[in-house]
Amino acid sequence: MDKHYGRQIYFMVGEEPIVVPSSSGCPVNHLAAAGKGLTAPPPAVDETRDFKFGRMFPKLSARNRVPKAQQIKDVEALVGLGNAMNPKDVNVYDEDSSIPSGYTYLGQFIAHEITFDKTKIKENFPTLMIADLRTIEQGRTPSIDLDSLYGLGPQAKESQQYYEADGVQLKIGSTLPSDGYGAILQNDLLRSSVKDESFGQALIPDPRNDENLLIAQTHVALIEFHNKVVEKIKKEQELSGPELFKKAQECVIKHFQWIVLHDFLPRMIDETTLNDALNSTPEFFQNAEKMFMPVEFSGAAFRFGHSMVRDSYELNMLHNSVRSRKVSINEFFAFTNFSGGNKKSLENQWVVDWRHFYDFSGIRKVTGNLPLNLAKSIDTTFNLKIETLPNYPHPQDKKYKPLTVRNLVHGYALGLPCGQKVADFILKSGRTVEPLSKKVLLDSPHADVLRKYGFEERTPLWYYILKEAERSGDSRLGDVGGFIVAQTFAGILSNSVISILRDKDWRPSLPAHQPGHFAMIDLLNVAEVIDPMGQYHNLTEGQGTP
């Protein structure tokens with residue numbers, strides 16, 4: 001395990017450290033207060049370009065230093081709104097979307113792949129407003145190059161621990177036997193066996209991918225996918241060593257980029273908005289040297305996935321609503337080391353059956369009429385109680401524990417503009433945008449809180465984007481959120497070292513349910529991890545999921 005990794009306050013879609021005022025009025029970095037520093041994961045293979053955070057709308061962001069007294073009032077208002085978004089009882093807004101739940105955690109994997117704030121903010125930061133983005137270090141490359149999977153590559157000393165002796169295949173971990181299923185599977189992340197504080201920690205370039213069971217199992221699928229691609233190329237071409245690795249790596253990266261562009265994003269944003277970003281002259285990221293990670297994206301727009309998390313899931317043939325019960329989201333944090341869970345390897349009874357998380361109806365050989373977990377609709381009301389997780393890194397002041405509060409305060413610390421200003425900017429640029437009216441914003445269980453603090457006129461960007469999606473009714477981001485996400489991914493993909501946008505003639509070559517296409521269900525099929533418990537062992541009567 002890389003010793004420079006520690007634990008940060010991250011959840012779902014790549015949360016960076018937040019700075020909030022302490023009870024004494026002094027802003028406190030809860031990461032520093034916890035004594036857990038976290039430096040950057042290694043950059044991608046052959047990738048050394050600097051990559052910083054920046055602003056898509058610099059003229060809209062608050063620039064003047066806000067007096068401390070006003071900061072405290074502003075943050076208290078955000079705490080009030082955040083708590084209202086996280087009620088004790090789920091209300092009628094808590095509805096299923098049409099999106100399979102696997103895409104919630106694919107989104108988290110993608111977020112970890114492209115954004116990572118590695119800056120250690122001083123504990124006694126003098127003011128909350130406004131973070132100087134020049135001092136925030138981005139620990140990811142300006143590419144979708146799977147550096148979260150490959151690290152620096154097999155030739156780099158610090159990354160060799162991720163690879164087999166051949167320097168081509170990635171290492172995989174074994175599960176432990178468990179009641180009801182005694183066989184051992186190759187379906188866990190490789191973990192440290194050293195009997196010290198690193199015992200059980202996942203040996204992967206980005207420890208955040210061991211935050212919860214579903215993101216960890218997604219990373220396992222990517223490892224297996226790479227190894228299967230290596231085997232396929234090896235059979236077709238006489239390659240070995242560095243040449244074989246480079247060929248497999250490029251194949252994996254391009255197929256993953258295709259999934260992001262043609263499977264993930266079309267489910268989250270309007271196709272016209274995405275195509276406009278891909279086909280128009282770049283407005284924000286003209287070239288790789290000018291590429292940056294927009295805080296409007298990392299601090300607001302790409303945090304929509306938090307809203308999609310279910311409170312419980314059908315998991316596999318042993319843990320489901322028919323045989324026993326669903327598994328709560330809180331339990332998923334108990335099976336990983338990053339979130340303070342069990343130090344041992346994963347018990348095989350918790351290996352994911354992906355048929356509960358993705359729709360495999362397009363692949364004939366995948367059988368089983370299993371209940372499909374659908375992601376929750378993207379909206380402004382949450383049923384996600386991370387403050388109840390005993391081992392999760394929490395701020396000391398309990399009022400800052402809810403994820404909704406953390407996100408809102410984090411956006412404030414970054415100086416994000418309000419949603420109305422961004423909508424007006426996009427409208428003036430000549431694009432079709434329907435700004436949210438006060439009436440729409442106040443059609444909400446949070447109406448009293450919005451009125452109390454004037455948020456119906458200056459709506460926090462993250463809340464505004466969630467409200468757009470809630471209003472759309474089709475589980476997709478609206479005009480502002482879709483614009484920010486589409487423009488950011490167009491820039492990232494265009495400026496990736498390996499890029500399917502620059503390689504216009506490239507098409508997926510691996511087996512797929514639809515010729516010329518490649519989706520996440522195809523990746524899981526090629527990796528042979530769809531249902532590890534059922535694929536590799538005969539099931540006795542009564543063990544299978546109905």
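# Close-up views of a predicted protein model

**View A. Helices H14 and H15 are roughly perpendicular to each other.** The model shown here and in the views below is predicted. Helix H14 covers residues 461-472 and helix H15 covers residues 479-494; their axes come within 7 Å and cross at roughly 110°. That crossing angle lies in the range of 65 to 115 degrees, and the pair is therefore classed as roughly perpendicular. On the H14 side, the residues that meet the partner helix are Leu461, Tyr464, Ile465 and Glu468. On the H15 side, they are Asp479, Val480, Gly481 and Ile484.

**View B. Helix H11 packs against H15 at an angle of about 70°.** Helix H11 comprises residues 419-428, and its axis is 10 Å from that of H15. The angle makes H11 roughly perpendicular to H15. The contact brings Val422, Ala423 and Ile426 of H11 together with Val480, Phe483 and Ile484 of H15. Val480 and Ile484 of H15 also meet residues of H14.

**View C. The largest nonpolar core of the protein has 152 residues.** Helix H6, residues 241-268, contributes the largest share of this core, 14 residues. The residues with the most contacts inside the core are Tyr358, Ile484, Phe489 and Leu524. In soluble globular proteins, nonpolar side chains tend to be buried together. For the protein as a whole, buried residues account for 61% of the 546 residues. Its secondary structure consists of 17 helices and 8 strands. Of the contacts between residues at least 6 apart in sequence, 77% join residues at least 24 apart. The protein exposes about 22,000 Å², of which carbon and sulfur atoms supply 48%.

**View D. Tyr358 and Leu524 touch each other within the surroundings of helix H16 residue Leu524.** Neighbours up to four places away in sequence are set aside for both residues. Tyr358 touches Pro100, Gly102, Tyr103, Leu106, Leu372, Met520, Ile521 and Leu524. Leu524 in turn touches Ala221, Trp354, Tyr358, Phe360, Val529 and Ile530. Leu524 is buried, with a relative accessible area of 0%. The C-alpha atom of Leu524 is separated by 9.2 Å from that of Thr218, although the two residues are 306 residues apart along the chain.

**View E. Gln257 is a buried residue of helix H6.** The relative accessible area of Gln257 is 0%, which places this residue under the 20% limit for buried residues. With neighbours within four places in sequence left aside, Gln257 is in contact with Ile144, Leu493, Ser496, Ile498, Ser499 and Ile500.

**View F. Helix H10 is largely enclosed by the rest of the structure.** This helix runs over residues 403-413, and 11 of its 11 residues are buried. Among them are the nonpolar residues Leu403, Val405 and Leu408, together with Arg406, Asn407 and His410. Gly415 follows H10 and has a positive phi, near 70°.

**View G. Helix H3 is mostly covered, and Leu146 lies in the loop between H3 and helix H4.** In H3, 13 of 13 residues are buried. The helix spans residues 102-114; at 1.5 Å a residue, its 13 residues should span 18 Å, and the end C-alpha atoms are 19 Å apart, which agrees. The expected value follows because the rise is multiplied by one less than the number of residues. Helix H4 consists of residues 147-150. Leu146 has a phi near 55°, a positive value in a residue other than glycine. Leu146 is buried, with a relative accessible area of 0%.

**View H. The loop between helices H16 and H17 holds Glu528 and Asp531.** Helix H16 covers 520-527, and helix H17 covers 532-535. Glu528 is not a glycine, yet its phi is positive at about 60°. Glu528 is partly exposed, with a relative accessible area of 36%, whereas Asp531 is buried, with a relative accessible area of 12%. When neighbours within four places in sequence are left aside, Asp531 is in contact with Asp353 and Arg355.

How values were computed: Residues numbered from 1 in each chain as written. Predicted model: local features only at pLDDT ≥ 70, side-chain atom pairs only at ≥ 80, totals over all residues. Heavy atoms only, no water. Core = buried A, V, L, I, M, F, W, Y, C linked by side-chain atoms within 4.5 Å. Buried < 20%, exposed > 50% of the residue type's maximum accessible area, 1.4 Å probe, protein only. Helix = DSSP H or I, 4+ residues; strand = E, 2+ residues; numbered from the N terminus. Contact = heavy atoms within 4.5 Å. Areas by Shrake-Rupley, 256 points an atom, 1.4 Å probe, with all protein chains shown as cover. Axes fitted to C-alpha atoms, helices over the stretch in contact; angles between N-to-C directions. Parallel < 35°, antiparallel > 145°, perpendicular 65-115°, else oblique.
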